Amino acid sequence: MSAIQIILIGMLGSALQELLHWYGLREHLGTGRYKALMKSAPYWVITALMIVGSGVAVWAWFAGDGEIPMRQYLVLGAALPLIFKKAVEVVTGPKPAVAMSSPSASPESGKLADYFKGAGGSRQQGLA
């Protein structure tokens, strides 16, 4: 498979991830915050750069590895923006108010459902 094909498949994975992100926000698209974001040129430039960058990163990651199934390029292309966003969130985001190992931590914190919501129970308590 050629380098351009690998890059394009990685870009497709990244674009699909962005599409799923916006689909997940579909109920909030009427709010002012998301209306402004959808009209924001810098947001779309950054998004386009992430998509292209993900495709190039997929190619760089698998360079010289021989023939690999296309689905691996697609999955890594989708995963890279998520990993990057999470890394940025960890570095710049708010810190949990209550540590999970703290004796005063709520028994309700740390549920599996909280993980899939994208934040731990203690983080939600710290923001309330």
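L12 is partly exposed, because its relative accessible area is 46%, and this residue is found in helix 1. In this predicted model, L12 joins L16 and L19 in a nonpolar surface patch of about 280 Å². The structure also holds five aromatic pairs, and a search of the whole structure finds two salt bridges. The points below treat these features by topic.

**Aromatic pairs and the aromatic cluster**

- Among the five aromatic pairs is that of W22 and Y34, which is edge-to-face because the ring planes stand at 85 degrees, with the ring centres 6.3 Å apart.
- W22 belongs to helix 1 (residues 3–24) and Y34 to helix 2 (residues 32–38), so this pair ties together parts that are 12 residues apart in sequence.
- Computed from C-alpha to C-alpha in the model coordinates, the separation of Y34 and W22 is 9.9 Å in space.
- W22 counts as buried because its relative accessibility is 11%, a value under the 20% limit for that class.
- A second pair, W22 with W44, is stacked, with 5.9 Å from centre to centre and 20 degrees between the planes.
- The W22–W44 pair links distant parts of the chain, as W22 lies in helix 1 and W44 in helix 3 (residues 41–62), 22 residues apart.
- W44 has a relative accessibility of 36% and therefore counts as partly exposed.
- One aromatic cluster is formed by W22, Y34, Y43 and W44.

**Surroundings of Y34**

- Y34, a residue of helix 2, is buried because its relative accessible area is 13%.
- When residues up to four places away in sequence are not counted, Y34 touches W22, L25, H28 and L29.

**A charge over a ring**

- R26 lies over the face of Y23, at a distance of 4.1 Å from the ring centre.

**Salt bridges**

- One of the two salt bridges joins E18 and K85, whose closest N and O atoms are 3.7 Å apart.
- E18 is in helix 1 and K85 is in helix 4 (residues 70–92), so this salt bridge ties together parts that are 67 residues apart in sequence.
- E18 counts as buried because its relative accessibility is 9%, whereas K85 is partly exposed, with a relative accessible area of 36%.
- K86 and E89 also meet through their side chains in a salt bridge, at 3.4 Å from N to O.
- Both K86 and E89 lie in helix 4, where they are three residues apart, about one turn of the helix.
- K86 counts as partly exposed because its relative accessibility is 41%, and E89 is likewise partly exposed, with a relative accessible area of 31%.

**Helix 1 in summary**

- Helix 1 contributes W22 to the edge-to-face pair with Y34 of helix 2 and to the link with W44 of helix 3.
- Helix 1 also contributes E18 to the salt bridge with K85 of helix 4.
- L12 of helix 1 is one of the residues that make the nonpolar surface patch.

Notes. Residues numbered from 1 in each chain as written. Predicted model: local features only at pLDDT ≥ 70, side-chain atom pairs only at ≥ 80, totals over all residues. Heavy atoms only, no water. Phe/Tyr/Trp six-rings, centres within 6.5 Å; stacked < 30°, edge-to-face > 60°. Helix = DSSP H or I, 4+ residues; strand = E, 2+ residues; numbered from the N terminus. Buried < 20%, exposed > 50% of the residue type's maximum accessible area, 1.4 Å probe, protein only. Lys NZ or Arg CZ within 6 Å of the ring centre and 35° of its normal. Contact = heavy atoms within 4.5 Å. Patch = residues over 30% accessible without salt bridge, like charges linked within 9 Å, V, L, I, M, F, W, Y side chains within 5 Å. Areas by Shrake-Rupley, 256 points an atom, 1.4 Å probe, with all protein chains shown as cover. Salt bridge = Lys/Arg side-chain N within 4 Å of Asp/Glu carboxyl O.
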